[in-house]
Amino acid sequence: QRITPNPSIEGKVVIAYWMMQGRAEPIIKLAKYVKLPFEFKGYTNPADWQADKAVLKHLFPNVPYIKTGETVMCETDAIVIQVCALANREELLGRNNQELIQGAQVRGVVKDILNDLFGLYFNPNWQTEQAKVLEKCAGRLKRLEKFAAGKKFILGNDLVLADFFLYQILYFLSKMGETILSPYPNLLNFMRNFEAIPEIRAYHESAEFRNKPIFTPGAPYKFPVQEQRITPNPSIEGKVVIAYWMMQGRAEPIIKLAKYTKLPFEFKGYTNPADWQADKAVLKHLFPNVPYIKTGETVMCETDAIVIQVCALANREELLGRNNQELVQGAAVRGVVKDILNDLFGLYFNPNWQTEQAKVLEKCAGRLKRLEKFAAGKKFILGNDLVLADFFLYQILYFLSKMGETILSPYPNLLNFMRNFEAIPEIRAYHESDEFRNKPIFTPGAPYKFPVQEQRVAKTSSSCCNLS
């Protein structure tokens with residue numbers, strides 16, 4: 001996703017987070033590498049952050065954030081794009097379609113590992129759970145190890161954003177035990193190459209780095225070791241298959257994107273876990289997972305990589321973002337949407353969902369209020385033109401609309417967005433098809449039961465499809 005450098009931004013650059021490495025460290029290392037002058041604001045008192053949060057000029061205030069003059073951006077994906085924009089280093093986003101897609105795949109796997117590690121660090125029973133978490137991480141690390149073979153950095157001789165995120169999770173793991181990374185010589189070689197970069201080495205030797213704890217000292221866990229634009233690829237041949245479980249779930253934004261771009265494809269909906277395990281064993285991919293897209297013999301997993309590939313196959317690169325502002329704002333919206341989606345999925349799998357739903361919806365309400373404000377006066381979430389964020393935003397609003405008929409009533413701008421999205425001819429045709437109507441919203445085996453069962457959001461008196 002190429003960006004338009006923004007030399008007009010003026011003012012001191014501040015990158016803010018808690019006074020620890022945590023999730024912000026890849027951003028800090030990136031800024032150091034690109035030689036972007038900035039000041040790090042490390043919060044130690046939650047009250048200080050709450051005071052700043054109240055006055056930050058941003059619809060979704062969160063840490064980490066970057067502030068340039070009066071411009072504030074949150075969400076890690078948006079921040080690293082902004083750092084590249086300010087430093088005029090767009091090549092780090094990806095020099096071609098292959099780098100963009102492979103980088104997105106690596107970052108998706110890294111995020112999964114990071115989420116597992118952070119869950120462990122906050123777990124008061126971490127000592128009994130660590131072995132289980134490391135075993136879960138091992139499968140992903142083995143695939144990363146294979147992928148890193150013979151390379152200086154994760155994609156080759158040139159740095160990309162994925163390197164900064166990969167290094168950080170490997171650093172965390174190295175501090176959890178001296179032998180944890182021993183089975184992965186290629187990843188250890190990657191770490192040595194990354195640490196040898198002059199700007200990284202200088203930062204690692206500084207008091208700024210050495211005096212910053214790895215994680216919040218208040219967490220239960222104690223570390224034992226202290227110390228994008230794309231190039232369309234018309235050469236890809238073969239039938240396109242998009243695969244997921246036989247439900248909407250996480251794959252539905254991909255399906256709607258493919259329908260909208262008129263990309264011919266076949267949907268493979270798994271209903272039997274054994275069928276997925278059989279396919280998983282033979283898929284030619286280092287990180288097999290669902291959803292995935294298969295084009296001929298080429299397989300891609302991770303949602304972020306898949307939607308880029310759909311845009312590439314359909315030659316619709318403008319959906320990634322037509323300029324730097326759309327790229328950054330779209331990433332910010334998608335980050336907020338992912339947070340809501342994770343909360344909803346946690347509820348759907350919770351056997352006590354009936355007692356927990358009100359709490360989850362209250363948590364979502366703060367984000368929905370900001371999205372409501374951001375959507376004011378717009379046809380779609382960024383304006384008159386569709387971007388990828390619209391497909392993801394629509395899906396979480398659709399889920400919410402099925403959880404109760406009045407849940408979205410306080411958000412007229414978001415309801416207007418839904419009506420505009422549903423009025424798109426390709427989306428309307430898909431919604432009226434049996435392909436859509438016969439697909440459950442979520443896995444029937446989950447505890448959660450949707451009270452609103454019709455598959456159309458628009459409130460009409462027409463017939464509906466009951467899914468029981």
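In the predicted model, Lys-136 is partly exposed, with a relative accessibility of 49%. The side chain of Lys-136 forms a salt bridge with that of Asp-116, at a distance of 3.4 Å from N to O. Lys-136 belongs to helix α5 (residues 126-147) and Asp-116 to helix α4 (residues 97-121), so the bridge ties together parts that lie 20 residues apart in sequence. Asp-116, in contrast to its partner, counts as buried, because its relative accessibility of 16% falls under the 20% limit. The pair is part of a network of salt bridges in which Asp-112, Asp-116, Lys-136 and Arg-140 are linked.

The four residues of this network also take part in the packing of the two helices, Asp-112 and Asp-116 from α4 and Lys-136 and Arg-140 from α5. Two packed helices are described by the angle between their axes and the distance between the axes. For α4 and α5 the angle is about 170° and the axes are 9 Å apart. The two helices are therefore roughly antiparallel to each other, since the angle of about 170° is over the limit of 145 degrees. On the α4 side, the contact is made by Gln-102, Val-106, Val-109, Asp-112, Ile-113, Asp-116, Leu-117 and Leu-120. On the α5 side, the residues in contact are Trp-126, Glu-129, Gln-130, Val-133, Lys-136, Cys-137, Arg-140, Leu-141, Leu-144 and Phe-147. By class, the contact of α4 with α5 comprises 11 nonpolar, two polar and five charged residues.

Gln-130, one of the α5 residues in this contact, is buried, with a relative accessible area of 14%. Apart from residues up to four places away in sequence, Gln-130 touches Leu-120, Met-176 and Tyr-221. Of these, Leu-120 is among the α4 residues that make the contact with α5.

The structure holds 30 salt bridges. One of them joins the side chains of Glu-208 and Lys-32, with an N to O distance of 2.8 Å. This pair links distant parts of the chain, as Glu-208 is in helix α9 (residues 207-210) and Lys-32 in helix α1 (residues 25-33), 176 residues apart. Glu-208 is partly exposed, with a relative accessible area of 33%, and Lys-32 is also partly exposed, at 24%. Another salt bridge is formed by the side chains of Arg-316 and Glu-318, at 2.4 Å from N to O. Arg-316 counts as partly exposed at 22% relative accessibility, as does Glu-318 at 23%.

A second helix pair is formed by α14 (residues 353-374) and α15 (residues 388-403), which pack at an angle of about 140° with their axes 13 Å apart. Helices α14 and α15 are therefore oblique to each other, because an angle has to be over 145 degrees to count as roughly antiparallel. Their crossing is left-handed. The contact involves Gln-357, Leu-361, Leu-368 and Leu-371 from α14, together with Leu-393, Leu-397, Leu-400 and Met-403 from α15. Seven of the residues in the contact of α14 with α15 are nonpolar and one is polar, with no charged residues.

Gly-404 lies in the loop between α15 and α16 (412-422). Gly-404 is buried, with a relative accessible area of 14%. When residues up to four places away in sequence are not counted, Gly-404 touches Pro-451 and Val-452. The C-alpha atoms of Gly-404 and Phe-450 are 8.0 Å apart in space, while the two residues are 46 residues apart in sequence.

Arg-428 is located in helix α17 (residues 425-431) and is partly exposed, with a relative accessible area of 36%. Beyond its neighbours within four places in sequence, Arg-428 is in contact with Glu-422 and Ala-423. Arg-428 and Arg-250 are separated by 178 residues in sequence and by 20 Å in space, C-alpha to C-alpha.

Terms used: Residues numbered from 1 in each chain as written. Predicted model: local features only at pLDDT ≥ 70, side-chain atom pairs only at ≥ 80, totals over all residues. Heavy atoms only, no water. Salt bridge = Lys/Arg side-chain N within 4 Å of Asp/Glu carboxyl O. Buried < 20%, exposed > 50% of the residue type's maximum accessible area, 1.4 Å probe, protein only. Contact = heavy atoms within 4.5 Å. Axes fitted to C-alpha atoms, helices over the stretch in contact; angles between N-to-C directions. Parallel < 35°, antiparallel > 145°, perpendicular 65-115°, else oblique. Left-handed = near helix turned anticlockwise from the far one by under 90°. Nonpolar A, V, L, I, M, F, W, Y, C, P; charged D, E, K, R; others polar.
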